[in-house]
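Please keep the sequence and the three-dimensional view side by side while reading. The paragraphs below go through a few selected places, beginning with a disulfide.

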Amino acid sequence: MMKKLLVGAFALACASGVAHAAPVAGHDSFHSSGGGMTTFVFDGLPSDIDGNSEGIIFSEGGLTVTATGSSGGSFRTVRQDHPAHGGLGVLGAPNGDNLGVGEVLTLTFSKVVNILGFTLNDGHTDPASGSFAFGAIAGDASGFDGVGAENPFNGSLCASVAGFCGVTSISLSSTGFTGYLESIKVSVVPLPAPLGLLLVGAAGLGLVARKRRHA
């Protein structure tokens, strides 16, 4: 009887749209910068990748980041664009697959992270230009270009702007910029020692309980 109920509940969830497809796997030229820093590089792939209703997901070293798009509060497909100076953009008129005015690209992390730096480019032609807002800052893309020194905060953005510390989600929106998010550099925030011990203790209690049930 219980099995039938579970099967029926699953079918109902699927019919009502509660069950979701997994995000499309993206391709990143990942590199670790040492000291716990991880950089996801979104350009340099062989062909375009379009996300689904759940976005595009990237995974490295136990950390995942999922990119989703919107415009005016409505869903938009995220595209990982492949030519030189490409990256993550949002599909929609009039800017094609670039992130354009009124469009929002949201990154959601599987763990709490500090954002240390990011780079933009201007739709296959550098240097980048145009105004944008990214989390706690607003600026001109020319200061965060993916060429040369990249940007003045690279590697220390969290230390310079508190709003980039301890986040699980952050959004990039355009107010004048047309281009792509080329890369983002993050570090995972360690669990506080008491919380880590609590989780270890809970896991130990669960193991003891399982052993008792099977004794």
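**A walk through the predicted model**

Cys158 is buried, because its relative accessible area is 12%, and buried here means under 20%. The model in view is a predicted one, and in this model the sulfur atom of Cys158 lies 1.9 Å from that of Cys165, so that the two residues form a disulfide under the cut-off of 2.5 Å. Cys165, the partner, has a relative accessibility of 30% and therefore counts as partly exposed. In general, a disulfide is a covalent bond between the sulfur atoms of two cysteines. The torsion about the S-S bond of Cys158 and Cys165 is about 115 degrees, and the disulfide is therefore right-handed. The structure holds 1 disulfide, and it is formed by Cys158 and Cys165.

The aromatic residues come next. Across the whole structure, a search finds 6 aromatic pairs. One of them is formed by Phe118 and Phe144, which are stacked, with 4.7 Å from centre to centre and 5 degrees between the planes. This pair links distant parts of the chain, since Phe118 belongs to strand β10 whereas Phe144 sits in the loop between β12 (137–140) and α2 (157–160), 26 residues apart. Phe118 is buried, because its relative accessible area is 0%, and Phe144, at 7% relative accessibility, also counts as buried. Phe144 takes part in a further pair, with Phe132: the ring centres are 5.5 Å apart and the planes stand at 90 degrees, so this pair is edge-to-face. Because Phe132 lies in strand β11 and Phe144 in the loop between β12 and α2, the pair ties together parts of the chain that are 12 residues apart in sequence. Phe132 is itself buried, with a relative accessible area of 2%. Beyond these two pairs, one aromatic cluster is formed by Phe118, Phe132, Phe134, Phe144 and Phe164.

From the rings we turn to charged side chains. How many salt bridges does a search of the whole structure find? The search finds 3 salt bridges. Arg79, in strand β8 (residues 78–81), forms a salt bridge with Asp48, in the loop between β3 and β4, and the pair links distant parts of the chain, 31 residues apart. The closest N and O atoms of Arg79 and Asp48 are 3.7 Å apart, and Asp48, at 34% relative accessibility, counts as partly exposed. Arg79 also forms a salt bridge with Asp50, where the closest N and O atoms are 2.7 Å apart. Because Asp50 lies in strand β4 and Arg79 in strand β8, this pair ties together parts that are 29 residues apart in sequence. Asp50, at 34% relative accessibility, counts as partly exposed. A further salt bridge joins Arg79 to Asp97, with the closest N and O atoms 3.5 Å apart. Asp97 is located in the loop between β9 (87–90) and β10 while Arg79 is in strand β8, so the two parts that this pair ties together are 18 residues apart in sequence. Both Arg79 and Asp97 are buried. Through shared partners, the salt bridges join Asp48, Asp50, Arg79 and Asp97 into one network.

Asp43 offers another view of a charged residue. Asp43 lies in the loop between β3 (37–41) and β4 (49–50). What is the nearest side chain of opposite charge to Asp43, and how far away is it? It is Lys185, at 14 Å, and Asp43, although buried, has no salt bridge. When neighbours within four places in sequence are left aside, Asp43 is in contact with Ser29, His85, Gly86, Gly87 and Glu182.

The last stop is Ser129, which is placed in the loop between β10 (103–121) and β11 (131–134). With a relative accessibility of 37%, Ser129 counts as partly exposed. Not counting residues up to four places away in sequence, Ser129 touches Asp122, Asp140, Ala141, Ser142, Phe177 and Thr178. With one of these residues, Asp122, the side chain of Ser129 makes a polar contact to the side chain, at 3.2 Å. The C-alpha atom of Ser129 is separated by 8.3 Å from that of Gly176, a residue 47 residues apart from Ser129 along the chain.

How values were computed: Residues numbered from 1 in each chain as written. Predicted model: local features only at pLDDT ≥ 70, side-chain atom pairs only at ≥ 80, totals over all residues. Heavy atoms only, no water. Helix = DSSP H or I, 4+ residues; strand = E, 2+ residues; numbered from the N terminus. Buried < 20%, exposed > 50% of the residue type's maximum accessible area, 1.4 Å probe, protein only. Contact = heavy atoms within 4.5 Å. Polar contact = N/O pair within 3.5 Å; in protein donor to acceptor, adjacent residues only side chain to side chain. Phe/Tyr/Trp six-rings, centres within 6.5 Å; stacked < 30°, edge-to-face > 60°. Lys, Arg positive; Asp, Glu negative; His and termini not counted. Salt bridge = Lys/Arg side-chain N within 4 Å of Asp/Glu carboxyl O.
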